[in-house]
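Here is a short briefing for someone meeting this structure for the first time. Look at the sequence and the model, then read on by topic.

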2 protein chains.
Amino acid sequence: MIETRRRQIEVAASELFRSQGYAATSVRDIARALDLQGASLYSHVASKEDVLFAIVDRAASRFEDALRAAEAAADANAVGPLERLASIVRAHATLVAREPELASVFATEWRHLGGERRSSILARRDAYEGRLRAVIADGMATGDLAMTDPAIAAAFLLSALNGIAGWFRPDGRLSAEDLADRYADLAVRALAT
Amino acid sequence: MIETRRRQIEVAASELFRSQGYAATSVRDIARALDLQGASLYSHVASKEDVLFAIVDRAASRFEDALRAAEAAADANAVGPLERLASIVRAHATLVAREPELASVFATEWRHLGGERRSSILARRDAYEGRLRAVIADGMATGDLAMTDPAIAAAFLLSALNGIAGWFRPDGRLSAEDLADRYADLAVRALAT
DNA sequence: CCTACCGATCGGTAGG
DNA sequence: CCTACCGATCGGTAGG
C-alpha cells in the first residue's frame, strides 16, 4: 500500500468537494477529516488545486476506461448500434452510481482548475462526448436509431446520466446495476426507431 | 421601474454565481460588475446569502408558474397524459434555455443557503418533482406510458432538462423553443408505450 | 507531521 | 454610495 495517505486525502477531499463544492472547502476542512493540521497536508500535496486535479484526472480516466471496455465488448460480440448504446449507457450509469463523489466532482468542479489543466480536462470530456455522438450517428445511419441531432441526444443522455450523482444512494433499495439497466432502457427507448 | 438597482445586483450575481459558483464569487466581484465599491452593495442587500436566496426563490417561482401554466393548458384542452407530459417538458426546457443563469443557480447553488431557507427551497423542489412523478404515474395508469419507476423516470428527465443550462447558448443556431421541442420528443419517446 | 507564522482576501459595519 | 476599517479565515511557507 504505497501512497495511502495521498489517497486518503483525495477520498476525503472528493466527499467534501461533492457536498460543499471546491471553493467552499478549505484545506483545513480536508485536514480535519483526516485528523491532521491544515499545514500538514502540504507534506503530501503541493496545493489545493493539485488535489482537485488529481480527483478530476482520475475520474476522467475511469470514464474513459469504462467507455473503452463497453465498446470493446460491443465489438467482440458484434452487437448492433442499439445494444452498443445500451452498454455504454449502462457502463456510464454504473460508474456514476458506484462512485458518486468522483463523478460529481468531475462533472461540476472542473471550472476551478487553472488554464492548462482545465482545457486538458475539457478536451477529454469533449472526446468522450464525441464518441457517444458517433455511436448515435452510426445507429441513425443503420436505421436503428431515429433521426435526431446526435449532439442534442448526447447532451440529453449525459446530463441525465451525470445527474445520478446528485440523488443516488449506493446503500439504498436499488443497486447500481439495476439503476443502470433502467437508464439504459430509457436511453434506448428515447432514441430507437 | 422600482428596485432597479436591486434587480441589477441579482442579475449580475446570477451570471457570476453560474460561471464561478457562489462560494468563489466575492461580494466585491458582484460590486465590480456594477462599477460599485464592495461595501456599497450593502445599501441594497443585507448579506451575500440574501442575494443568493432572492435568485433561487425567484427561480423556484418561475418553474412553479411554468408548471402550473402547462398543467392548466393541458386541463383546458383535455389532452392525454402523453401530451401533458410533453407540454411540461417543453415548458421546463424553454425556461432553462431562456434563463440559463437562473436555472443553473437554482439547480446547483441551493446548498449554500442556511438551514431554513435551504429546506424551504428543497421542499419546493420536491413538490415540483412530485407533480412530475404524478403525471408520469397517471400516464402509466391509463396505459399511455410504459411501466417504470416514476421516481426514476422523473429524476432522469429533470437531470436531462436542468443540464441544458450547462451548454445551451441562447444566441446559437437553435432557438429555445426548437430545443424544447426536441427534448419533449425525447422524453415522450423514452416513456411512451 | 507539528508549531508558528505570512500576506491576501473574505463578508460585513460605522459614519458620513 | 463612498472611505476607512474590522476580525476571521484563506492558501501556503519556514523550520524543525
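The surface near DNA strand C has five nonpolar, seven polar and three charged residues. "Near" means that a heavy atom of the residue lies within 4 Å of the strand. Ala, Val, Leu, Ile, Met, Phe, Trp, Tyr, Cys and Pro count as nonpolar, Asp, Glu, Lys and Arg as charged, and the others, Gly among them, as polar. The model is predicted: local features need pLDDT of at least 70, side-chain atom pairs count only at pLDDT 80 or more, and totals for chains, interfaces and linings use all residues. Residues are numbered from 1 along each chain as its sequence is written, chains are lettered from A and ligands numbered from 1 in the order in which they are written, and side-chain values use heavy atoms, with hydrogens and water left out.

**DNA strand C**

- Of the 15 residues around DNA strand C, those that come nearest are A:Ser40, A:Ser43, B:Arg28, B:Tyr42 and B:Lys48.
- Of the strand C atoms that come within 4 Å of the protein, 54% belong to sugar and phosphate.
- B:Arg28 places a polar side-chain atom 2.8 Å from a base nitrogen of DNA strand C.
- B:Tyr42 has a polar side-chain atom 2.8 Å from a phosphate oxygen of DNA strand C.
- At B:Lys48, a polar backbone atom is 2.8 Å from a phosphate oxygen of DNA strand C.

**DNA strand D**

- Around DNA strand D there are 15 residues, of which A:Tyr42, A:Lys48, B:Ser40, B:Ser43 and B:His44 come nearest.
- Sugar and phosphate make up 54% of the strand D atoms that come within 4 Å of the protein.
- The surface near DNA strand D divides into five nonpolar, seven polar and three charged residues.
- A:Tyr42 has a polar side-chain atom 2.7 Å from a phosphate oxygen of DNA strand D.
- Backbone N or O atoms also lie by phosphate oxygens of DNA strand D: one of A:Val27 at 2.9 Å, and one of A:Lys48 at 2.8 Å.

**Where chains A and B meet**

- Contact (heavy atoms within 4.5 Å) links 30 residues of chain A with 30 residues of chain B.
- The two chains bury about 2,500 Å² between them, 61% of it on carbon and sulfur atoms.
- Buried area is the accessible area (1.4 Å probe) that two parts lose on being put together, summed over both.
- In chain A, A:Ile152, A:Phe156 and A:Leu186 lose the most area to chain B, together 27% of what that side buries.
- 100% of the interface residues of chain A are also interface residues in chain B, so the copies meet through the same surface.

**Symmetry**

- A turn of 180 degrees and a shift of 0.0 Å along the axis lay chain A on chain B with an RMSD of 0.0 Å.
- That is the relation of a two-fold axis.
- The superposition is by least squares on the C-alpha atoms of residues with pLDDT of at least 70 in both copies.

**Salt bridges**

- A salt bridge is a side-chain nitrogen of Lys or Arg within 4 Å of a carboxyl oxygen of Asp or Glu.
- The count over all chains comes to 30 salt bridges.
- Across the interface of chain A and chain B the rule finds two.
- B:Arg173 forms a salt bridge with A:Asp149, their closest N and O atoms being 3.7 Å apart.

Key
A polar contact is a pair of N or O atoms within 3.5 Å; within protein, one must be able to donate a hydrogen and the other to accept it, and residues adjacent in sequence count only if both atoms are side-chain atoms.
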